[in-house]
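Trainee: I have a structure to go through before my next session at the bench. Could we talk it over together?

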Amino acid sequence: MFLVFAFALVSIVYAQQSTPLVPAMLTFGDSVVDVGNNDYLPTIFRANYPPYGRDFANQKPSGRFCNGKLAIDITAKTLGFTTYPPAYLSPEASRSNLLIGANFASAGSGYDNRAASLNHAITLSQQVEYFKEYQAKLAKVAGSSKSASIIKDALYVLSAGSGDFL
């Protein structure tokens with residue numbers, strides 16, 4: 001009960017601020033945090049059709065493996081973000097949108113790269129490679145000093161392993 005109360009209090013305090021608590025969110029992992037990367041892959045693990053997204057903005061599929069927001073979306077809002085970091089493979093992951101971070105997660109991925117490869121998902125190793133690309137793109141958009149600050153102070157989220165036991 002205490003944790004729920006503390007989370008609610010922190011949410012209220014930070015929701016009143018005009019700038020996010022952290023400059024960016026960088027997310028790695030599997031379907032629990034994938035916000036649409038798999039929609040750009042040749043895999044059967046996609047969430048670009050109903051009922052996915054029916055409770056999300058515009059009631060359209062968002063690439064999230066749920067009907068609304070993921071925990072990562074709620075975290076972003078709680079931290080003060082007004083939009084969500086985009087799926088790295090999406091067209092939205094460009095220019096100024098990179099300033100708030102990116103999501104590298106892929107449904108079917110996990111700690112075992114063999115399973116991700118079998119599922120035609122982005123392996124964790126490849127997610128790290130995409131992160132390196134992201135850093136270079138961010139430096140072009142924000143400059144080397146600001147991008148270094150964003151990378152240093154960002155919130156890093158890893159959610160993997162939920163499908164590895166299968």
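Trainee: Let's begin with one side chain: is Asp-112 buried, partly exposed or exposed?
Mentor: Happy to help, and keep in mind that this is a predicted model. Buried would need a relative accessible area under 20% and exposed would need over 50%. Asp-112 has a relative accessibility of 29%, so Asp-112 counts as partly exposed.

Trainee: Which residue does Asp-112 meet in a salt bridge?
Mentor: In general, side chains of opposite charge can pair when their charged atoms come close. Here the N to O distance is 3.2 Å, and the cut-off is 4 Å. The partner is exposed, with a relative accessible area of 67%. The residue that shares this salt bridge with Asp-112 is Arg-114.

Trainee: How many salt bridges are there in the whole structure?
Mentor: The pair we just discussed, Arg-114 and Asp-112, is one of them. Another joins Asp-153 to Lys-152, with the closest N and O atoms 3.0 Å apart. In that pair Lys-152 is exposed at 62%, while Asp-153 is partly exposed at 36%. A search of the whole structure gives a total of 4.

Trainee: Lys-132 and Glu-129 also form a salt bridge; in which helix do both lie?
Mentor: Their closest N and O atoms are 3.3 Å apart. Lys-132 is partly exposed at 46%, and Glu-129 is partly exposed at 38%. The two residues are 3 apart, about one turn of the helix, and the helix covering residues 124–142 is H4.

Trainee: Turning to the sheet, in what order do the 3 strands come?
Mentor: The sheet is open and its pairing is parallel. Strand S2 (101–103) and strand S3 (155–159) are the edge strands, each pairing on one side only. From one strand to the next, the twist averages 15 degrees. The order is S2-S1-S3.

Trainee: Which residue in S2 stands opposite Met-25?
Mentor: Strand S1 takes in residues 25–29. S1 and S2 pair in the parallel sense over 3 bridges. Opposite Met-25, the residue in S2 is Gly-101.

Trainee: And at about what angle to S1 does helix H2 run?
Mentor: Helix H2 spans residues 71–78 and lies across S1 and S3. Angles here run from 0 to 180 degrees between N-to-C directions. For H2 against S1, the value is about 165 degrees.

Conventions: Residues numbered from 1 in each chain as written. Predicted model: local features only at pLDDT ≥ 70, side-chain atom pairs only at ≥ 80, totals over all residues. Heavy atoms only, no water. Salt bridge = Lys/Arg side-chain N within 4 Å of Asp/Glu carboxyl O. Buried < 20%, exposed > 50% of the residue type's maximum accessible area, 1.4 Å probe, protein only. Helix = DSSP H or I, 4+ residues; strand = E, 2+ residues; numbered from the N terminus. Pairing = 2+ DSSP bridges. Contact = heavy atoms within 4.5 Å.
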